[in-house]
Amino acid sequence: MKPLVSLKNIDKSFGKVKALCDVSLDIYEGEIHTILGENGAGKSTLINILSGIYAPDKGEISIFGRKVNLSSPRDAISNGIGTVYQHFKLVESMTVKENILLGQRDKDKDFNKKIEYILKKYDIKVNLEKYIEDMSVGERQIVEILKVLYRGAKVLILDEPTTVFTPQEAEKLFNIMRKIKEERCSVIFISHKMDEVIKISNRISVLRKGNFIKTLDKERTSIEELTRLMVGENVDLKIRKRESKKEKDFNKTSNNNELSIDKKSEEKRELSLRDVLIKVEGISLTEDVKKVFNNISFDVKKGEIFGIAGIAGSGQRELCEALAGVRKIKKGDIIFEGENLTGKSVREFMKKGINLGFVPEDRLGMGLVGSMDMVDNLMLKSYQLEKSPFLNRKPFKERAIELVKKLNIKTPDVNYPIKYLSGGNIQKILLGREIYINPKLLILVYPVRGLDINTCYTIYNIINEEREKGNSVIFVGEDLDILIELCDRIMVMSRGEVTKIVDSKDATKEKLGLLMLGMKDGESGEIC
Amino acid sequence: MVNQVRFVRRDKVDKYTNIKVKLISIVAAFFIMSLFLIMLKINPKDAFIGMIKGAFGSPLRIRQTTIKAVPLIITSLGILTAFKMKFWNIGGEGQILMGAFGASILALFYNGFNSTTLLLLMALSAAVFGGLYALISAVLKIYFKTNETIVTLMLNYIALKFITYLQYGPWKDKKALGFPKIANFPDKALLPNLLGVNVGWIIALILIILVYIFMNHTKKGYEIAIIGESINTARYAGINIKAVTILCVFLSGALCGITGFIQSSGVNGTLSVEIAGGVGYTAIIIAYLSNLKEPFILIVSVLFAALLQGSSYIETSLKIPNSAALILQSLILFCILSSEIFTTYRLKFKD
């Protein structure tokens, strides 16, 4: 069989960084082909080359056996390659129809005929007159797909489409993908969620550090093999030992459910006896007449990992920023060990000796200063406690050297601007700083987003260590499996409100998904 | 052919490339200038040697160059302070004038002190006037979210017209036979000389050290840098953004105000509309070219002063029109500023 799209010996570098090195790939008709790889493996670069945004330094691209030169996104779509990016490119103040027609010269009549045909063919339901700003993320995704199908795409590229989805929304997307496959088109699917990958794809290609590793048939592989190929063999031994221990735990829980529940319920009993560390009562935040979150109440016990789940933008991030004193709330109370924190600033927290660690979502934009070195970043909060008006960098330099060793941070030296370091190292510096003060409460917002597997497990281990020390953690996460595995209780938020707080031993992914959509008690109903 | 050469982003801008590119751009500027001079039938070699001679050729000329460098250094330090916080204060010109005004009030009307006390009070008054004048833009920005670039620029014109009004109106010297000028300062209100130049140069050197220590080794300087990098990080760290902004902008204006004091008391001997003479604008360029690093401000300011002094020398010695000298200055600036693209990108030739 002749491939629909064929990439041969593609090279691409940015400055000294080799993003892709001699990558060859064939995509056949009617298949869902997953490209798997860690962050920085070159997935995005590959997509950008296919969609005409980057020109490869070397190598050739053939479509339907014909050699092509994709020098702009227009070239790509006219050759039948349509891309749906992770961050949607839709105009919010326009309707679905207007967005689809953007840049096209079709008349109304032709449009109606063509779109009706497509909607029927792929069994898609959407209101063409609805404004994008009134749509959920899932609906917007469908509009994006519709847009590229309308422009005649035969090969659909989906870049991490399910990152912000509930399992239900993802299922809906998969149905459309299967339909596209049946219509003898192909889908290139980018993801790092293993279970999804196994579920939906026909073939899986693994990239690692810009190199093409292998293409595998779904039937003849396993999650273990894929993980191994993705991460590579030559990983630092120390981390791997830790990671494998964690993975063993993971396997134990998933293989032997009874045992793990037993263990957990024991912990629970112990937990309920302990004191409440922080109690939140009816707090609300309104910014620019928009309600960010409303009437939120919960408590976190000492030594508990408290998870927060929700579709991105449901108010989790703002809630955590409010707890950390970065945002001011006007209504409700936050009581930390019997002391009311409402309306107090970060500086007052520190003066009162309230040990609160906070890892915000935007690491370089909020938690750290990119152009400064490790030493200056480590003193970001603690410098205020010194009485003298001058800075004393010495203790922070020692702390920086200690941290580099302890967390295995890769940096030329501690006086190197941190923005040149990789995401994982940046996160280690941030987390390292926050746990150094030995916080009673550690608030983490998407702490593993964009990090490689090794660093993820380092961070999960740190979270567990904090729990063992008797400290509490509030963990805002995306991966529901990890949330269920790691947390004692999970609070699900939807549109700025708490849907429910569930014990993680009673939680399943599906149930959490429904709660994320705002359906109390997780009963099923019409989605979307 | 067009596709043969491409701009490729450098991984990281290192110091040496930066300096190398800037030096090459200066050479390029001189090369273009040479072509221009040849067009005027002047030997470029004579012109350039003339400029160096004019700037450093004799003790008198060195003194002149120093006098020109001092206001540039101090004002650039003021601009640097605000720019570190990404507060775009381009109102150095107005703050210099208001500083000079602050010094003049004391020198002309409340001068019943001995010389040292009077000079210290004049410096203080100049700093307060310059600082408060700059604060207008900070307060408007904090409470009404106005754009500080526009506000500081507009305040320049207000200050200029205000001094013009004083000079032609209420403060006009009746003894000057109708000539529109403000009365000279009494002798005790003039800055003393050291090594033939008014002590402004010592003040400038001290200020470089003080600003360096403040920006790099104090908590407030650190907070200014954090606010400049990211307001959200500043909020995260619990920095009082309003208070630090007010302090920072006040200091920025105060430094410019001190320039006004030195220019009126040490150079002009009185207040006049020409006192700022574009220093407030040149200082922006110097602060920028120095990469907001205090020690470089000294070097760049001296080079700029030499350029000014050297070109006014060849103006008379080679009979080049003044405008030609200005063209050379602008060419150098143009080349250095446009060289920026080569510090962030490099050219790649297709193999």
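This is a short talk about three parts of chain B: a covered helix, a helix crossing and the side that touches chain A.

Hi everyone, and thanks for coming. Before we start, please keep in mind that this is a predicted model.

Let's begin with helix H8 of chain B, which runs over residues 219–229. How many of its residues are buried? The count is 8 of 11, so by the burial definition H8(B) is mostly covered. If you'd like to find them on the screen, look for B:Gly221, B:Tyr222 and B:Glu223, then B:Ile224, B:Ala225, B:Ile226 and B:Ile227, and finally B:Glu229. And what covers these buried residues? The cover includes four helices of chain B: H3 (59–84), H7 (200–217), H9 (231–236) and H10 (241–268).

Let's stay with H10(B) for a moment. Helix H5 of chain B, residues 115–144, meets H10(B) with the two axes coming within 6 Å and crossing at roughly 140°. Angles over 145 degrees would count as roughly antiparallel, so at roughly 140° H5(B) is oblique to H10(B). The crossing of this pair is right-handed. As for the residues in that contact, 19 are nonpolar, 9 are polar and 1 is charged.

Now to the other chain. Here 18 residues of chain B are in contact with 22 residues of chain A. Which elements of chain B each supply at least two residues to that side? They are strand E1 (5–9), and our friends H8 and H9. By class, this side of chain B has 5 nonpolar, 6 polar and 7 charged residues.

That's my tour, and I'm happy to take questions!

Key:
Residues are numbered from 1 along each chain as its sequence is written. Chains are lettered from A and ligands numbered from 1 in the order in which they are written. This is a predicted model: local features need pLDDT of at least 70, side-chain atom pairs count only at pLDDT 80 or more; totals for chains, interfaces and linings use all residues. A residue is buried if 20 or more other C-beta atoms lie within 10 Å of its own, exposed if 12 or fewer, and partly exposed in between; C-beta atoms are placed from the backbone. Two residues are in contact if their C-beta atoms, placed from the backbone, lie within 7 Å. Axes are lines fitted to C-alpha atoms, for helices over the stretch in contact, and angles run from 0 to 180 degrees between N-to-C directions. Angles under 35 degrees count as roughly parallel, over 145 as roughly antiparallel, 65 to 115 as roughly perpendicular and the rest as oblique. A crossing is left-handed if the near helix is turned anticlockwise from the far one by less than a right angle, and right-handed if clockwise. Ala, Val, Leu, Ile, Met, Phe, Trp, Tyr, Cys and Pro count as nonpolar, Asp, Glu, Lys and Arg as charged, and the others, Gly among them, as polar.
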